[in-house]
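Visitor: Got a minute to go through this one with me? I'd like to start with a backbone oddity.
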Amino acid sequence: MASNRLISWNVNGLRAVCKKGFCDWLLREDPDILCLQETKAHEDQVIHEMAPLGNYHRVFTKPEKKGYSGVAIFSRVKPLEIGVGLGVEKFDREGRTLIARYPGFTLFNIYFPNGKSGPERLAYKMDFYEHFLQTVTALLKQGEKIVVCGDVNTAHTAIDLARPRANEKISGFLPEEREWMDRFLAAGFVDTFRLFETQGGHYSWWDMKSGARARNVGWRIDYFFVSDNLAKSVKSAGIRPEIEGSDHCPVTLELSV
């Protein structure tokens, strides 16, 4: 069996983190696979900055709106196959999804929508959730082993954010969002971080304007999930709040497959 070290990070602008030592950090970390969300850049906009990372196979989405959304995968081994999007134009034009097939598992790197701007975006977010769930459920029925990572934009339970009561009516902790996460897990997935840590106080996003990170008043909205048929292959899962450069921090997963 081979060990696979994966990192997922919402960088909130790849060009911005490149100015903060991103390439040096990646070379030090040396993961097998790095998944980025909210890149806010097409690959040709960061080609010069990416020069030190020549050993990584890279694939980016191309959101219709420049400077918005976007995901990317950096991989030491070229994926067997790459899929872009979920097959629904209203979702795929925002460049939120990459699907990479590797020996032993299929990886979904997703920047799930944020529903805070109003009812229309919340409805869009919930539609995205449902279509994604249909997609992975169909693959599970075919016996696929699946890894899902990214910024889900929802804290699942009360221990996944510092102030649950104050946020019960805020998108990101609404009952319907949390209920969807219940259904997603019940469909055959495991929240890998919770295999190793059952307590609160561990977050992956903090509001930068209020200085919440220094006080650890945050939300855990970045995840690695695996399908139930991969759960025994999970060797470790963690959160890396010491890594700065974005309002999110990286989350990690080690698989033996």
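Visitor: Is asparagine 216 buried, partly exposed or exposed?
Guide: Asparagine 216 is partly exposed, at 34% relative accessibility. Buried means under 20% relative accessible area, exposed means over 50%, and partly exposed is in between, with a 1.4 Å probe and protein chains only. Keep in mind that this is a predicted model: local features need pLDDT of at least 70, side-chain atom pairs count only at pLDDT 80 or more, and totals for chains, interfaces and linings use all residues. Residues are numbered from 1 along each chain as its sequence is written, and side-chain values use heavy atoms, with hydrogens and water left out.

Visitor: Where does asparagine 216 lie, and what is its phi?
Guide: Asparagine 216 is in the loop between helix 6 (212–215) and strand 11 (218–219). Its phi is positive, near 55 degrees, and it isn't a glycine. Most residues other than glycine have a negative phi. Helices (H or I, at least four residues) and strands (E, at least two) are DSSP runs, numbered from the N terminus.

Visitor: What about aspartate 30?
Guide: Aspartate 30 has a positive phi too, about 55 degrees, although it is not a glycine. Look for aspartate 30 in the loop between helix 2 (22–29) and strand 2 (33–37). Aspartate 30 is partly exposed, with 36% relative accessible area.

Visitor: Switching to cysteines: how many disulfides?
Guide: The count is 0, taking a disulfide as a pair of cysteine sulfur atoms within 2.5 Å.

Visitor: Why no bond for cysteine 149?
Guide: Because the closest cysteine sulfur, in cysteine 35, is 3.5 Å from the sulfur of cysteine 149, too far for a bond. Cysteine 149 is buried, with a relative accessible area of 1%.

Visitor: And cysteine 249?
Guide: For cysteine 249, the closest cysteine sulfur is in cysteine 149, 14 Å away, so that's too far as well. Cysteine 249 is buried, at 0% relative accessibility.

Visitor: OK, zooming out. How many helices and strands are there?
Guide: The protein has 6 helices and 14 strands. Buried residues make up 54% of its 257 residues.

Visitor: How does the radius of gyration sit against a compact globule?
Guide: It agrees: the protein has 17 Å, and a compact globule of 257 residues would be near 18 Å. That radius is taken over C-alpha atoms, and the globule rule is 2.2 Å times the number of residues to the power 0.38. The C-alpha trace spans about 45 × 45 × 35 Å along its principal axes.
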